[in-house]
Amino acid sequence: CQTGEVAADPQLYDQSYLSPVTIGNSELMLDFDTGSADLWCFSTESPAVQSAGHGLYNPSTGTELDGAFWDITYGDQSAASGNVFADKVVVGGVTATKQAIEAATSVSYEFTEDVASDGLLGLAFSSINTILPQPQTTFFDTVRNTLAKAVFTVDLKKGAAGSYTFGYIDSSKYSGAITYVPVNTANGFWQFTADGYSGGGNNASTGRGGVAIADTGTSLLYLPASVAKGYYSGVQGASFDFRQGGYTLPCSATPPDFNVAIGGKTFTVPGSYINYAPLRAGSSTCFGGIQADSGIGFSIFGDVFLKAVYAIFDDSGSSPKLGFAAQ
Ligand SMILES: O=C(CN1CCCCC1)Nc1ccc2c(c1)OCO2
């Protein structure tokens with residue numbers, strides 16, 4: 001029965017969190033992403049102009065999955081593609097002896113430029129893995145039957161290292177009770193329903209909640225347009241800047257806390273998490289940590305929310321469930 005824990009190291013402004021993963025005989029820093037289901041990395045097959053500065057997987061230690069290829073485009077339109085090998089993967093001591101490794105032969109500029117990240121480790125449901133002609137399992141699905149309990153947990157922090165655990169829930173990482181809600185796996189995400197929101201200009205509880213996904217791979221908190229608009233109506237100097245593509249606010253502002261009701265419990269995102277980052281280095285205007293989810297089709301509870309809670313991704317029962325607890 002395997003259990004393990006691995007650090008989640010914050011990148012600049014907590015834009016993403018990276019964790020060390022051993023693949024074959026290389027150690028790479030990967031972005032654990034509960035919003036996708038592909039484990040891909042830069043490789044010795046990647047063009048040098050795209051992979052400069054990145055750690056590389058050398059497929060010589062693996063076994064090629066003949067005829068298999070992959071091609072993924074994320075919601076922010078970043079993309080990557082390549083071929084597939086089976087190799088050993090170790091995360092925090094948890095070992096998958098034969099995990100599908102998606103070696104990149106092409107990546108978009110967003111990945112080339114993010115030199116700290118050597119790839120992604122998807123933790124959504126394997127139903128949305130992009131390998132063709134036969135989709136393969138995520139790391140979690142590959143090892144889940146060997147884990148003490150088929151769960152992984154997410155403990156991200158603002159501006160500090162957090163952790164992912166596999167196979168157990170760490171009672172020292174949260175206070176109070178865990179609130180569990182059912183997960184709808186139809187879209188391959190850890191999808192749940194939020195009951196309602198309050199905070200900021202939304203001083204009256206905005207009652208209606210909505211469908212949302214828990215997504216460690218997304219930096220911000222994307223909410224219904226009416227909720228985002230209402231929140232910033234209570235923030236001096238905030239406005240929707242269509243040139244920046246979202247709400248901005250003075251970096252000097254301390255925005256009000258934001259509350260989310262889930263499973264009958266209220267979780268609070270400290271206002272400081274919502275003054276996210278300067279538009280450019282030295283700018284006194286900051287981009288908001290809450291943005292509208294217009295055009296996405298559901299809300300995205302990314303790192304701005306997840307770093308305020310301890311989150312349990314539980315596939316140990318008859319159907320998957322999400323747990324949230326105060327940190
Ligand atoms: O694409 C992502 C996450 N993605 C995870 C892999 C690395 C690059 C970023 N998130 C996202 C967040 C909000 C969006 C969106 C996408 O599309 C429209 O709005």
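I will walk through a few local features of this structure, which is a predicted model.

Let me begin with a sheet in the later part of the chain. Four strands make up an open sheet, and reading across it the order is β16-β17-β21-β20, with antiparallel pairing. Strand β16, residues 239-241, and strand β20, residues 275-278, stand at the two edges, and because each has a single partner strand, one side of each is left without a neighbour in the sheet. From one strand to the next, the twist averages 50 degrees.

If we look at one of these edges in more detail, β20 pairs with β21, which covers residues 285-288, in the antiparallel sense and over 3 bridges. Which residue of β21 is the bridge partner of asparagine 275? That partner is glycine 288.

Strand β21 also brings us to the disulfide, and the structure holds 1 of these. The bond is formed by cysteine 251 and cysteine 286, whose sulfur atoms are 2.1 Å apart. Cysteine 251 sits in the loop between β17, residues 246-250, and β18, while cysteine 286 belongs to strand β21, so the disulfide ties together parts of the chain that lie 35 residues apart in sequence. What is the handedness of this disulfide? The torsion about the S-S bond is about 105 degrees, and the disulfide is therefore right-handed.

The two partners can also be described by their accessibility. Cysteine 251, with a relative accessibility of 26%, counts as partly exposed, whereas cysteine 286, at 5%, counts as buried because the cut-off for that class is under 20%. For two further cysteines, the values are 86% for cysteine 1, which is exposed, and 0% for cysteine 41, which is buried.

From that loop we can move on to strand β18, residues 258-262, in which asparagine 259 lies. The side chain of asparagine 259 makes a polar contact of 2.9 Å with the side chain of threonine 268. Once the neighbours within four places in sequence are set aside, asparagine 259 is in contact with two stretches of chain, namely Gly196, Tyr197, Ser198 and Gly199 on the one hand, and Thr266, Phe267 and Thr268 on the other.

I turn now to the ligand. The residues around the ligand include Asp33, Tyr74, Gly75, Asp76, Ser78, Phe111 and Leu120, and, further along the chain, Gly217, Thr218, Tyr222, Ile296 and Ile300. Among these, glycine 75 places a backbone N or O atom 2.7 Å from an oxygen atom of the ligand, and a polar backbone atom of aspartate 76 is 3.1 Å from an oxygen atom of the ligand. With threonine 218 it is the side chain that takes part, since a polar atom there lies 2.8 Å from a nitrogen atom of the ligand.

The last residue I would like to show is serine 81, which lies in strand β6, residues 79-91. Is serine 81 buried or exposed? At 18% relative accessibility, serine 81 counts as buried, because the cut-off is under 20%. Not counting residues up to four places away in sequence, serine 81 touches Trp70 and Asp71, together with Ala103, Ala104, Thr105 and Ser106. By way of contrast, aspartate 9 is 72 residues from serine 81 along the chain, and the C-alpha atoms of the two are separated by 25 Å.

Technical notes: Residues are numbered from 1 along each chain as its sequence is written. This is a predicted model: local features need pLDDT of at least 70, side-chain atom pairs count only at pLDDT 80 or more; totals for chains, interfaces and linings use all residues. Side-chain values use heavy atoms; hydrogens and water are left out. Two strands pair if DSSP finds at least two bridges between them. Axes are lines fitted to C-alpha atoms, for helices over the stretch in contact, and angles run from 0 to 180 degrees between N-to-C directions. A polar contact is a pair of N or O atoms within 3.5 Å; within protein, one must be able to donate a hydrogen and the other to accept it, and residues adjacent in sequence count only if both atoms are side-chain atoms. Contact means heavy atoms within 4.5 Å. A disulfide is a pair of cysteine sulfur atoms within 2.5 Å. Buried means under 20% relative accessible area, exposed over 50%, partly exposed in between (1.4 Å probe, protein chains only). A residue is near a molecule or strand if one of its heavy atoms lies within 4 Å of it.
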